[in-house]
Amino acid sequence: MASMQGQYVAYTFYKVASEWRRLPIDERIAGKEHFAEVVEEWASRMEHLHVYSTSGVRADCDFFLWKITERYLDLEELGAELNATPLSAWLGTPHSYLATTKASQYTSARRARKIVPRGSPYLVVYPFVKLRPWYALPAEERQRAMDEHIAIGASFPTIHNHTTYSFGIDDQEFMTAFECDEPADFMHLMLTLRESEASRYTERDTPIFVGHRVGIRDALDLLDGAAVRTRA
Amino acid sequence: MASMQGQYVAYTFYKVASEWRRLPIDERIAGKEHFAEVVEEWASRMEHLHVYSTSGVRADCDFFLWKITERYLDLEELGAELNATPLSAWLGTPHSYLATTKASQYTSARRARKIVPRGSPYLVVYPFVKLRPWYALPAEERQRAMDEHIAIGASFPTIHNHTTYSFGIDDQEFMTAFECDEPADFMHLMLTLRESEASRYTERDTPIFVGHRVGIRDALDLLDGAAVRTRA
Amino acid sequence: MASMQGQYVAYTFYKVASEWRRLPIDERIAGKEHFAEVVEEWASRMEHLHVYSTSGVRADCDFFLWKITERYLDLEELGAELNATPLSAWLGTPHSYLATTKASQYTSARRARKIVPRGSPYLVVYPFVKLRPWYALPAEERQRAMDEHIAIGASFPTIHNHTTYSFGIDDQEFMTAFECDEPADFMHLMLTLRESEASRYTERDTPIFVGHRVGIRDALDLLDGAAVRTRA
Amino acid sequence: MASMQGQYVAYTFYKVASEWRRLPIDERIAGKEHFAEVVEEWASRMEHLHVYSTSGVRADCDFFLWKITERYLDLEELGAELNATPLSAWLGTPHSYLATTKASQYTSARRARKIVPRGSPYLVVYPFVKLRPWYALPAEERQRAMDEHIAIGASFPTIHNHTTYSFGIDDQEFMTAFECDEPADFMHLMLTLRESEASRYTERDTPIFVGHRVGIRDALDLLDGAAVRTRA
Amino acid sequence: MASMQGQYVAYTFYKVASEWRRLPIDERIAGKEHFAEVVEEWASRMEHLHVYSTSGVRADCDFFLWKITERYLDLEELGAELNATPLSAWLGTPHSYLATTKASQYTSARRARKIVPRGSPYLVVYPFVKLRPWYALPAEERQRAMDEHIAIGASFPTIHNHTTYSFGIDDQEFMTAFECDEPADFMHLMLTLRESEASRYTERDTPIFVGHRVGIRDALDLLDGAAVRTRA
C-alpha cells in the first residue's frame with residue numbers, strides 16, 4: 001500500500017487577537033521574530049512552505065501557511081514548534097485544512113500528481129464538496145463533464161490548479177487551490193465555469209480565500225501595520 | 001487579459017468591543033483620531049472610500065467602509081494602516097466582502113461597468129448567491145427574467161444599483177448594493193421583486209445591511225455616544 | 001414616494017456579560033440608572049418604546065426594546081445615547097431586527113397599518129421567512145390561504161397581531177409580533193395554525209422570543225437579582 | 001380560555017467558565033453554596049425542580065435544571081434569584097428551552113397531561129421539530145403513525161415519556177423528555193423507532209442531552225471535582 | 001434488559017486557550033503533570049483510555065481522549081477529576097461524543113460487538129447521520145448495500161472499523177472510528193466508498209478528526225512545544 005502515499009498538503013489560517021496590538025512594540029517585534037524563525041527553518045525542511053496574507057480582505061483570518069510534505073508528522077511537529085513561540089499565545093486558528101495527493105481519475109495520470117507551487121502572486125483556496133448524486137453518475141458522464149471543466153480551465157493559461165483530496169481525513173472532499181496573477185482573473189474563470197455541467201453538482205465551495213504571496217516577516221508586519229509605520 | 005481588470009469593490013464591517021467603552025475618554029478620543037486620519041488620507045488615495053453607520057440597528061456591527069480601487073493591494077495596505085492605529089486593538093471585523101466589476105451580460109454594456117457612488121444618504125448591501133439551476137437555464141430565459149427584474153428596478157428612480165461580482169474570490173456570487181434616500185423605499189422595491197421570476201432562483205441574500213452615510217468621525221463618535229454627549 | 005413611508009419598528013435584544021455581576025453593587029446601580037434614564041427619556045420622544053424581559057427563560061438574551069418611530073435616525077440616535085452609558089460597556093446585542101409598516105395586501109387596508117401596542121403582559125416576537133414558491137402562487141390562492149390564516153387568528157381574541165415588513169432591510173421578510181395575556185395561549189394559536197395551508201410555506205420562523213412587559217428599571221434589576229435581593 | 005392553561009416545563013443548561021476554576025477554593029465553595037440554597041428553596045416552591053449533570057459527557061454544558069410550574073413568572077423570578085448569586089458571574093447558559101402541557105390529540109386524554117417526574121436516574125431531553133408535510137397528512141394517517149410510535153414506546157416499560165409543547169413560544173415544536181434507568185436502554189428505543197413511519201417526518205431532533213439525576217450540591221461539586229478531591 | 005448493555009464509547013476533544021501559553025513554564029509543567037496523572041490513573045481503571053493528538057492539523061482542537069467502559073458513570077467521574085486539575089482552567093472542550101455498542105444487524109453477530117483498540121498509529125473519528133429514507137428501505141436492500149460497503153472495507157486490511165451507536169443519546173446516529181497505519185490510506189478507502197450505494201444515504205459525516213496516537217504527556221507537551229524545546 002506504499003504506492004498510495006503521495007504528498008500531504010495542508011493549509012492553516014491564523015488570526016491575531018485584537019488585544020495583541022495593545023502590547024509594547026518591543027514585545028510584538030520579539031514575538032514576530034520567533035514565529036518567523038520557525039517558519040523559515042521549516043521552509044527548508046519541508047518540501048514546500050509558503051505564506052499568504054489575507055490582511056485587509058478576509059474578516060476571519062490574517063494570513064495562512066501552505067504546507068506540502070510527504071511525512072504526515074511534519075505537520076504535528078511544525079505545529080508544536082509554532083506553539084512554543086510567544087506569538088502563538090495571541091494567535092487563533094480559525095481554519096485548517098488537510099488533504100493529500102493521488103492520481104487523477106479524469107486524466108491519463110498513472111501516479112499521484114505532485115504539487116509544485118509556481119510562485120504566482122496570488123493563491124485562491126477553498127474546501128469543496130460535491131453532491132452525492134455526482135458519485136452515482138456513470139463514469140463516462142462524469143468524464144464528459146470533467147473534460148468540459150478541464151477545457152475551460154485550460155483557456156485561462158495564467159491560472160494553475162493544485163487540487164488535492166480530503167475524503168475521510170477532513171470535512172471537505174477536495175481542497176481546491178489555484179495560483180493566479182490577479183484575483184479578478186480567477187473571478188472570470190469561476191464565472192465561466194458556473195454554466196458547466198460539473199458545476200451543478202456542487203454542494204459547498206466556501207469559504208473562499210484569496211491569499212497574497214508574501215514573506216513570513218511581511219505577513220506578520222501587516223498584523224500591526226509595522227511595515228507601514230516604518231515606511232512612513 | 002488586461003481587459004478583464006475593472007475595479008475591486010470591498011466592504012469591511014467593524015464592531016467595537018464593549019470593553020472599549022470602559023477606557024478613559026481621552027484614550028478613546030485619541031484612538032478615534034488616528035483611525036479617522038487613516039481613513040481620511042485613504043479617501044483621497046483610493047478611487048472611493050465611504051463610511052456608513054449601522055449603529056443602533058444591526059446587532060453584529062457598528063459601521064462599515066465601502067472601498068473602491070483598481071489596485072488590489074490598496075486593500076491590504078489600508079488594512080495594515082488601520083491595524084497600526086490604537087483603536088484597532090478594540091475593533092473586530094465580523095464581516096468583509098470582496099468583489100470586482102465586469103461587463104453585465106444582461107445589458108448592452110461592452111466593458112466593465114464603473115461603480116460611481118451617488119452620495120445618497122443610505123446604502124443597502126448584501127451578499128447574494130443564486131441557485132445552481134439558474135445557470136443551467138437557456139440564455140434567453142435568463143435574459144427574459146433579468147429584463148423583468150431590471151424593469152421593476154427602473155420604476156424606483158431614487159434607488160441606484162451598484163452590484164458587483166464575487167465568483168471565486170469570496171463566499172458569495174454577487175455583492176448587491178443599492179443607494180437610496182430612505183430605507184423604507186428599498187423595502188418596497190424588494191417586496192415587489194419577490195414575485196419576479198428571477199427571485200425564485202435565490203439561494204441566499206443575507207445578511208442585509210442598511211448603512212447610513214456619515215463621516216468617519218461621526219461614525220466613530222456614535223460608538224460611545226460622544227456626539228450625543230457633546231450635544232447635550 | 002412619501003406615501004410609502006410608515007413607521008419603523010425595531011427590536012433590539014440585550015444580554016449582560018456574566019462578568020458584570022462581579023462589579024461592586026454601587027457601580028451596577030449607577031450603570032443601570034443611566035441606562036434607564038436614556039430609555040425613559042426616549043419613551044417620551046419616540047412614538048412607542050417598550051421594554052420586555054426574557055430573564056430566566058431565553059439563553060441568549062436578558063431583555064429587549066420594542067421601538068416604534070416614523071424617523072429612521074431615531075434608531076441611530078437612541079443607540080448612540082445608550083452607547084454613552086456605563087452599562088453599555090457590559091451589554092452585548094445578540095439580536096436586532098428592523099422592519100417597517102405598509103398596507104396589507106390581504107385585507108381591504110388602503111394605507112400602511114399603524115402599529116399601536118395594546119399593553120398586554122406578553123409579547124411574542126420572531127423573524128419570519130416564507131418559501132419562495134409562496135410568491136409564485138396565483139394571487140387568489142394566496143388570498144384564500146391568508147383568509148384561513150386570518151380567520152384562525154380571529155378566533156383567539158386576546159391575541160393581537162403586530163406584523164411588520166423587513167424585505168430588503170433585514171435578514172427576514174417579516175417581523176411577526178403578537179401581544180397576549182399568557183404565553184400558553186399563543187402556543188395553542190400556533191399549534192392550530194400549523195395545519196393551515198399558509199403554514200406549509202414557512203421557511204424560517206425562529207428564534208421565537210417570549211417577552212414579559214416590564215419597566216426598564218425592573219428589567220435591569222432582574223439582571224443581577226437586585227429586585228429579589230431588596231425584597232428579601 | 002382558562003382551560004388552556006397547564007404546566008410550564010422549562011430546561012435551562014449551565015456551563016461554568018473555565019476561568020472559574022482559577023478562583024481560590026473558598027470563593028468557589030461560597031459561590032456554590034449560594035446557588036445551591038436558591039435551587040433548594042425553589043424546589044419547595046415550584047411544582048418540581050430537578051437537577052441533572054452532564055459533566056464529562058456533553059461538551060457544551062455541565063448541568064441543567066428541569067423546572068415545572070403552573071405560574072410562568074416563577075421562571076423569571078428563579079432566574080433573577082440565581083442571577084443574584086456570585087456563581088452566576090461565571091456561569092453561561094448555552095441552552096434554555098420553554099414548553100407547556102396540553103391534552104394529546106393522539107390519545108383519549110381530555111385535559112392537559114400533567115408532567116410528574118418518576119425520579120429515574122437518567123433524563124434524556126431534546127428539542128424536536130417535525131417536517132411541515134406531517135401537518136398536512138390526513139388525521140387518520142397521523143393517528144396510525146402515532147399508534148405505531150406509541151406501541152413501540154410501550155414495549156420499553158422502564159422508559160417514561162414526558163413530552164411537552166413549544167409551538168410559538170420557543171424555537172422547537174416539542175420538548176421531548178424521557179426518564180430511563182440506563183442511557184443504553186434509550187439508545188435501543190430510538191434505534192427501533194427509526195424505522196417507524198412517524199420518524200420519516202423528523203426535521204430536527206438535536207441537541208440530545210443525557211442528564212444524570214443528582215442533587216444540586218453534587219452537580220456543582222462536579223464542576224471543579226470537589227467531591228472527588230474530598231473523597232481522595 | 002441487562003442484555004442491552006454493552007460498552008460506552010466516548011470521545012472528548014480538548015483545546016487549550018491561547019492565553020495559557022503566557023503562563024510561566026513551571027506553572028504549565030505542573031498543570032500538565034496533574035492532568036497526565038489523572039489520565040494515567042484512569043487508563044488502568046477503565047477498559048480502555050487512549051490519547052490522540054490533532055496538534056498542527058485541526059483548527060478546533062489539540063487532542064482527544066478515546067474512552068471505553070461498561071459503567072456510564074465512569075465518564076462523569078473522570079470528567080470531574082479532570083475538572084479538579086489546574087490545566088482544566090485553561091482547556092475548552094469543543095466537541096464530545098457519546099456512543100454505545102450493540103449487535104450489528106448486518107452481520108451474523110448475536111451479541112454486542114466488543115470494541116478492542118488495535119493500537120494503530122492513527123484513529124479517524126467522525127459523527128455520522130444517515131438520511132431518513134435509508135431507514136424506510138426494505139431490509140434486503142439495506143443488507144445488500146451494507147454487504148457492498150463491508151466488502152470494500154475488507155479490501156483495506158490495515159484499516160480497522162470500530163463503529164458504535166449514538167441514536168437518542170447524542171446528536172449523531174453513529175460514531176464512526178477507524179484505526180489505520182497512515183492517514184492517506186483512509187482517504188483512499190473513503191474515496192472508494194463514495195461510489196457505493198450506502199454512501200448516497202449520508203446526511204452528515206463531519207467533522208472528521210485524524211488523531212495521532214500518543215501518550216498523554218506527549219499530547220500535552222505538544223500544546224506549548226515543550227517536547228520540541230527540550231529536544232532542541
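## Polar contacts between chain E and chain A

Between chain E and chain A there are 18 residue pairs in polar contact, both residues being at pLDDT 80 or more; a polar contact is a pair of N or O atoms within 3.5 Å, where within protein one must be able to donate a hydrogen and the other to accept it, and where residues adjacent in sequence count only if both atoms are side-chain atoms. On the side of chain E that touches chain A, at least two residues each come from S5, helix H5 (183–193), strand S10 (209–214), helix H6 (216–223) and helix H7 (226–231) of chain E, with helices (H or I, at least four residues) and strands (E, at least two) taken as DSSP runs numbered from the N terminus. H5(E) gives the largest share of that side, 8 residues.

By class, the side of chain E that touches chain A has 18 nonpolar, 11 polar and 14 charged residues; here Ala, Val, Leu, Ile, Met, Phe, Trp, Tyr, Cys and Pro count as nonpolar, Asp, Glu, Lys and Arg as charged, and the others, Gly among them, as polar.

## Basis of the model

This is a predicted model, in which local features need pLDDT of at least 70 and side-chain atom pairs count only at pLDDT 80 or more, while totals for chains, interfaces and linings use all residues. Residues are numbered from 1 along each chain as its sequence is written, chains are lettered from A and ligands numbered from 1 in the order in which they are written, and side-chain values use heavy atoms, with hydrogens and water left out.

## Area and salt bridges of chain E with chain A

In this interface 43 residues of chain E are in contact (heavy atoms within 4.5 Å) with 40 residues of chain A. The buried area, that is, the accessible area (1.4 Å probe) that two parts lose on being put together, summed over both, is about 3,700 Å² for chain E and chain A, with 57% of it on carbon and sulfur atoms. Val57(E), Met187(E) and Arg194(E) supply 18% of the area that chain E buries against chain A, more than any other three residues.

The rule finds 5 salt bridges across the interface of chain E and chain A, each being a side-chain nitrogen of Lys or Arg within 4 Å of a carboxyl oxygen of Asp or Glu. Arg194(E) forms a salt bridge with Glu173(A), at 2.9 Å from N to O.

## The interface of chain A and chain B

Here 43 residues from chain A and 40 residues from chain B take part in the contact, and the area buried between the two chains is about 3,700 Å², of which carbon and sulfur atoms give 57%. Val57(A), Met187(A) and Arg194(A) lose the most area to chain B, together 17% of what the side of chain A buries.

Across the interface of chain A and chain B the rule finds 5 salt bridges; Asp205(A) forms a salt bridge with Arg132(B), where the closest N and O atoms are 3.1 Å apart. Between chain A and chain B, 18 residue pairs are in polar contact, and the largest share of the side of chain A that touches chain B, 8 residues, comes from H5(A).

## Arrangement of the chains

When copies are superposed by least squares on the C-alpha atoms of residues with pLDDT of at least 70 in both, a rotation of 72° with 0.0 Å of shift along its axis places chain E on chain A (RMSD 0.0 Å). The two copies are thus related as by a five-fold rotation axis. Of the residues of chain E, Glu19(E) comes closest to the rotation axis, at 9.6 Å (C-alpha).

No contact joins chain B and chain D, whose closest C-alpha atoms lie 16 Å apart, and chain B and chain E do not touch, their nearest C-alpha atoms being 16 Å apart.
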